[in-house]
Amino acid sequence: PIFIVGLPRSGTSLIETIVSNHPDVQALGELTYLWNAIEKTGLLTAKANASMFDHVRQRYFSKARQHGLNRKYFIDKMPLNFRWIGVILRSIPEAKIIHTTREPAAICWSNFKNYFSSIGLGYSYNLKDTVQFFRLYKGLTEQWDEMFPKKIYRLDYELLTTQQEIQTKALINWLNLPWEDACLYPEKNARIVDTVSQQQVREKIYKGSSLGWQSFADDIRSNIASQDRQLFFT
């Protein structure tokens, strides 16, 4: 599996579309299988052991195989799986993990202004909560980077929009896949996208998409704590 993780609105749908344009990759969308396996295995309430990680692996692949896996890789694009990177790499050590990052102000504002009905995204209904959630996410993912060096590929959304070919080729190379020009044209991918980004992934990659929050800078400044303003205004 290729797990694409990060906060919602960080570019996860775009990366899924880019990578799934490769003939060796199958996109399965946002799967709940990992979370379900973790919950049923008891990892949240008991001390972890090797047997639990093995059970997570078995449960996860049992569900994934129902999709008729027939390519070298399949993509699981559940953004909040960033919480479980430690479990992933102990249960499925061969997994590839792509962590998409984006400018803090852009991602916090985009989370807040879009409506999410999914369980687990209630933080986004309040701007202050969104900023605090971002801080927790940032701290946790930095810890994963320290614990698992070279196992997590960080892809900067802003860099992708300004260096599309360079960043795309670097990503495909990291996945140990032969280059395919189709990966430069995600807008031509005909697969169904059911996320908030369903319209954006039909467009060519463009610069400046992370600047929309600036039109609301005054409102943002007055609605978040002074110690959090550095995320937006530095």
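**Salt bridges in the predicted model**

Asp145 is partly exposed, with 24% relative accessible area. In this predicted model, the carboxylate of Asp145 forms a salt bridge with Arg154, and the closest N and O atoms lie 2.6 Å apart. The partner, Arg154, is likewise classed as partly exposed, its relative accessibility being 38%. The pair meets the criterion because a side-chain nitrogen of Arg must lie within 4 Å of a carboxyl oxygen of Asp or Glu. By this rule, a count of 6 salt bridges was obtained; two further examples are described below.

Arg57 and Glu94 are joined through their side chains in a salt bridge with an N to O distance of 2.7 Å. This contact connects distant parts of the chain, the two residues being 37 residues apart. Arg57 belongs to helix α3, which spans residues 50–64, whereas Glu94 is located in the loop between α4 (85–91) and β4 (96–101). Arg57 has a relative accessible area of 26% and is therefore partly exposed; Glu94, at 42% relative accessibility, falls in the partly exposed class as well.

A salt bridge was also identified between Lys169 and Glu165, for which the closest N and O atoms are 2.8 Å apart. Both residues lie in helix α8 (residues 164–174), where a spacing of 4 residues places them about one helical turn from each other. Lys169 is partly exposed at 36% relative accessibility, and Glu165 is partly exposed with a relative accessible area of 42%. In general, side chains of opposite charge can pair when their charged atoms come close.

Technical notes: Residues are numbered from 1 along each chain as its sequence is written. This is a predicted model: local features need pLDDT of at least 70, side-chain atom pairs count only at pLDDT 80 or more; totals for chains, interfaces and linings use all residues. Side-chain values use heavy atoms; hydrogens and water are left out. Buried means under 20% relative accessible area, exposed over 50%, partly exposed in between (1.4 Å probe, protein chains only).
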